[in-house]
Structures are given as C-alpha cells and as structure tokens.
Amino acid sequence: MTASHPGPGSPPPGDPALEAHACDAQRRAYAPYSKFQVGAAVRMVGGEIFDGINVENASYGLSVCAERIAVFAAVNAGARQLAAVAVCTEASPPASPCGACRQVLLEFAPDPAAVTVTAVNPRGERRSWTLAALIPDGFSGKELP
Ligand SMILES: [Zn+2]
C-alpha cells in the first residue's frame, strides 16, 4: 500500500531508517497474551536511535508498551530530547501510540509540534502526525509549581 497523502499542515514524510528500526524491534516483542506485537524506535535530537518492544506479563497490568521502553532506553543513555518516533504493529491502518505513551513522549519533547510520530506496519502502510496533534494541550511539568 502507498503512503497516505498528507494534507496542508501535516507533518513531512517519515524517517525510513527509524521506521526500519521499529519494524525490526517488533519481531522481538514479548506479547504472548495479546499477540499484539509492537516495536518502537525514537530518534533523539543529535540523531541517536533507541528501540523498544512491548513486554507483557501474566499479571496483565504490569505490561509496558514499546514506545515507553524506547524512551526510557534513550533517557537511560543520557538522551532527553525527542525528535521523532516510529511505531510498528500488524494493525491496518497502523496503530497510533496509546494515551499513556503520548504523555511519556510529551515529557521529552522540547517542541511537540516538531516531533513527528509515524505508525507503520510491515506491509508498508503508514500514518503520521505531530506529537502536538496526538496530545493537544497535554499536561507538562510547566503546570507544576
Ligand atoms: Zn502505550
């Protein structure tokens, strides 16, 4: 399938290298319960890429999404400024990040309007947004005293 056609104001086409990282990671996902395997990759300002996979648990509520694992790997390595995100699932149309992950991505986005989030599947379908579009008026540390 071809890429979706972005309209005026849509984010630019995605980052093929980042999308490839997400789809490589997807194969390592640990999702024996939902069978919904997710791979994510984040590109940080400076260009470094970190991958994540969803990791489920028999106690379902302990499961963690791929996007958060990718962000936490970046932060653990000292990279705190998010530039772009790619998420790879089998879903058609490709699945966007959940609300919890959107909030975590926002924490490390210096400019949410400049962070592109692209959802893909291994069959080449893709959708993309800015992070600002996915979590408008999101809560941030600026709200805290
Ligand atoms: Zn999530």
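Select Tyr-33 in this predicted model. Tyr-33 is partly exposed, with a relative accessible area of 38%. Now add Tyr-60, which is exposed at 61%. The count of aromatic pairs comes to 1, and these two residues form it: the pair is tilted, with 5.7 Å from centre to centre and 40° between the planes. The pair links distant parts of the chain, since Tyr-33 is in the loop between α1 and β1 while Tyr-60 is in the loop between β2 and α2, 27 residues apart.

**The sheet**

Show the strands next. 5 strands form an open sheet with mixed pairing, in the order β2-β1-β3-β4-β5. Color β2 and β5 (126–130) separately: these stand at the edges, and each has a single partner strand, so one side of each has no neighbour in the sheet. On average, neighbouring strands of this sheet are turned by 15° against each other, direction ignored.

Zoom in on β1 and β2. These strands pair in the antiparallel sense over 5 bridges. To find one position in that pairing, select Val-42, whose bridge partner in β2 is Phe-50. Then bring in helix α2, which packs on the sheet and touches β1, β2 and β3. The direction of α2 makes about 140° with that of β2.

**The salt bridges**

Side chains of opposite charge can pair when their charged atoms come close. The model has 5 salt bridges; three stops follow.

Select Asp-15 and Arg-43, whose side chains meet in a salt bridge at 2.5 Å, N to O. This pair links distant parts of the chain: Asp-15 lies in the segment before α1 (16–26), Arg-43 lies in strand β1 (residues 39–44), and the two are 28 residues apart. Is Asp-15 buried or exposed? Asp-15 counts as buried, because its relative accessibility is 19% and the cut-off for buried is under 20%.

Go on to Asp-51 and Arg-28, which form a salt bridge with the closest N and O atoms 3.7 Å apart. Here too the pair links distant parts of the chain, with Asp-51 in strand β2 (residues 49–53) and Arg-28 in the loop between α1 and β1, 23 residues apart. Asp-51 is partly exposed at 24% relative accessibility, and Arg-28 is partly exposed at 48%.

The next selection is Arg-27 with Asp-24. Their side chains meet in a salt bridge at 3.0 Å, N to O. Arg-27 counts as exposed, at 63% relative accessibility, whereas Asp-24 counts as partly exposed, at 38%.

**The zinc site**

Select the zinc ion. Which protein atoms are its donors? They are the SG atoms of Cys-65, Cys-98 and Cys-101, lying 2.3 to 2.4 Å from the ion. Along the chain the donors follow the spacing C-x32-C-x2-C. Compare two of these cysteines in a surface view: Cys-98 counts as partly exposed at 32% relative accessibility, while Cys-101 counts as buried at 1%.

**Helix α3**

From Cys-101, extend the selection to helix α3 (residues 99–107), where Cys-101, Arg-102, Val-104, Leu-105 and Leu-106 are buried. What do the buried residues of α3 pack against? Display α2 (66–76), β3 (82–88) and α4 (131–134), which are their packing partners. Two of these elements were on the route before: α2 also packs on the sheet, and β3 stands between β1 and β4 in the strand order.

Terms used:
Residues are numbered from 1 along each chain as its sequence is written. This is a predicted model: local features need pLDDT of at least 70, side-chain atom pairs count only at pLDDT 80 or more; totals for chains, interfaces and linings use all residues. Side-chain values use heavy atoms; hydrogens and water are left out. Donors are N, O and S atoms within 2.8 Å of the metal (3.2 Å for Na, K and Ca); water is not among the atoms, so sites may look incomplete. Buried means under 20% relative accessible area, exposed over 50%, partly exposed in between (1.4 Å probe, protein chains only). A salt bridge is a side-chain nitrogen of Lys or Arg within 4 Å of a carboxyl oxygen of Asp or Glu. Helices (H or I, at least four residues) and strands (E, at least two) are DSSP runs, numbered from the N terminus. Contact means heavy atoms within 4.5 Å. Rings of Phe, Tyr and Trp (its six-membered ring) pair if their centres lie within 6.5 Å; planes under 30 degrees apart count as stacked, over 60 as edge-to-face and the rest as tilted. Two strands pair if DSSP finds at least two bridges between them. Axes are lines fitted to C-alpha atoms, for helices over the stretch in contact, and angles run from 0 to 180 degrees between N-to-C directions.
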